[in-house]
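Thanks for asking me to look through this one with you. My notes follow as numbered points, so you can keep the model open and check each as you go.

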Amino acid sequence: MHEMSLVASLQDIVTNAAHRSPFLRVERLYLVIGNLSCVDAETLRWCIRSSAEGTLLEGADIVVEHEQALAHCQQCHLDYVPDTLITPCPQCGQPAQSIDGGRDMRIRAIDVVPLSTTSESEGGQ
């Protein structure tokens, strides 16, 4: 299950972000997962929740946007969404020579709870 190693990388990225600009915790993590990335969104969510206790990701909402790859057939010039990296053109059967997007997973955005939110609300009452 490579999702666990991806979660370790996500936690490193979040921790490094907190060192640069301190925050209390992550409220929402927005991820983009390509259909050819071999990352299962539900397994990734489970892995994040399972390993988040005591980290900045504890309790965070995980929002996943799916990104479709787009293949272009050089033979008949059809653009199509491939199911795999070797999906042939549905019109002429030729292998795709160019595939754009859909191969990776990335963080689109991180919503955080600032450190000042807790101290201001406690100090003001």
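1. Let's begin with Leu-31 and its neighbours. Setting aside residues up to four places away in sequence, Leu-31 touches Leu-10, Leu-44, Ile-48, Ile-62, Val-63, Val-64, Glu-65, Arg-106, Ile-107 and Arg-108. The residue itself is found in strand β1. Please keep in mind throughout that this is a predicted model.

2. Is Leu-31 buried or exposed? With a relative accessibility of 1%, Leu-31 counts as buried, since the cut-off for that word is under 20%. You may also like to compare sequence and space here: Leu-31 and His-66 are 35 residues apart along the chain, while their C-alpha atoms are 8.5 Å apart.

3. One of the contacts of Leu-31, Leu-10, takes us to helix α1. This helix covers residues 3-20, 18 residues in total. From first C-alpha to last, α1 reaches 26 Å, close to the 26 Å expected at 1.5 Å a residue.

4. Which residues of α1 are buried? They are Glu-3, Val-7, Leu-10, Gln-11, Val-14, Ala-17 and Ala-18. Looking down the axis of α1, you will find these buried residues within an arc of 125°, so they line one face of the helix. His-19 and Arg-20, on the other side of α1, are exposed. As for the cover over the buried residues of α1, it includes β1, α2 and β6.

5. Now for the charged pairs. Side chains of opposite charge can pair when their charged atoms come close. The structure holds six salt bridges, and I'd suggest looking at Arg-28 to start. Arg-28 forms a salt bridge with Asp-61, with 3.5 Å between the closest N and O atoms. Arg-28 lies in strand β1 and Asp-61 in strand β2 (residues 61-67), so this pair ties together parts that are 33 residues apart in sequence.

6. Arg-28 has another partner to show you. Asp-111 forms a salt bridge with Arg-28, and here the closest N and O atoms are 3.6 Å apart. Because Asp-111 lies in strand β6 (residues 105-114) and Arg-28 in strand β1, the pair ties together parts that are 83 residues apart in sequence. How accessible are the residues involved? Arg-28 is partly exposed at 25% relative accessible area, Asp-61 is partly exposed at 37%, and Asp-111 is partly exposed at 26%.

7. A salt bridge within a helix comes next. Glu-42 forms a salt bridge with Arg-45, the closest N and O atoms being 2.5 Å apart. Both residues lie in helix α2, three residues apart, which is about one turn of the helix. Arg-45 is buried, with a relative accessible area of 16%. Returning to the earlier pairs, salt bridges that share partners join Arg-28, Asp-61 and Asp-111 into one network.

8. Last, a loop residue worth a look on screen. Ser-37 lies in the loop between β1 (23-34) and α2 (41-51). Is this loop residue buried or exposed? Ser-37 is buried, with a relative accessible area of 13%. Its side chain reaches the backbone oxygen of Gly-34 at 2.7 Å. Not counting residues up to four places away in sequence, Ser-37 touches Gly-102, Arg-103 and Asp-104.

Notes: Residues are numbered from 1 along each chain as its sequence is written. This is a predicted model: local features need pLDDT of at least 70, side-chain atom pairs count only at pLDDT 80 or more; totals for chains, interfaces and linings use all residues. Side-chain values use heavy atoms; hydrogens and water are left out. Helices (H or I, at least four residues) and strands (E, at least two) are DSSP runs, numbered from the N terminus. Buried means under 20% relative accessible area, exposed over 50%, partly exposed in between (1.4 Å probe, protein chains only). A polar contact is a pair of N or O atoms within 3.5 Å; within protein, one must be able to donate a hydrogen and the other to accept it, and residues adjacent in sequence count only if both atoms are side-chain atoms. Contact means heavy atoms within 4.5 Å. A salt bridge is a side-chain nitrogen of Lys or Arg within 4 Å of a carboxyl oxygen of Asp or Glu. The expected span of a helix is 1.5 Å times one less than its number of residues. The arc is that of the directions from the helix axis to the C-beta atoms.
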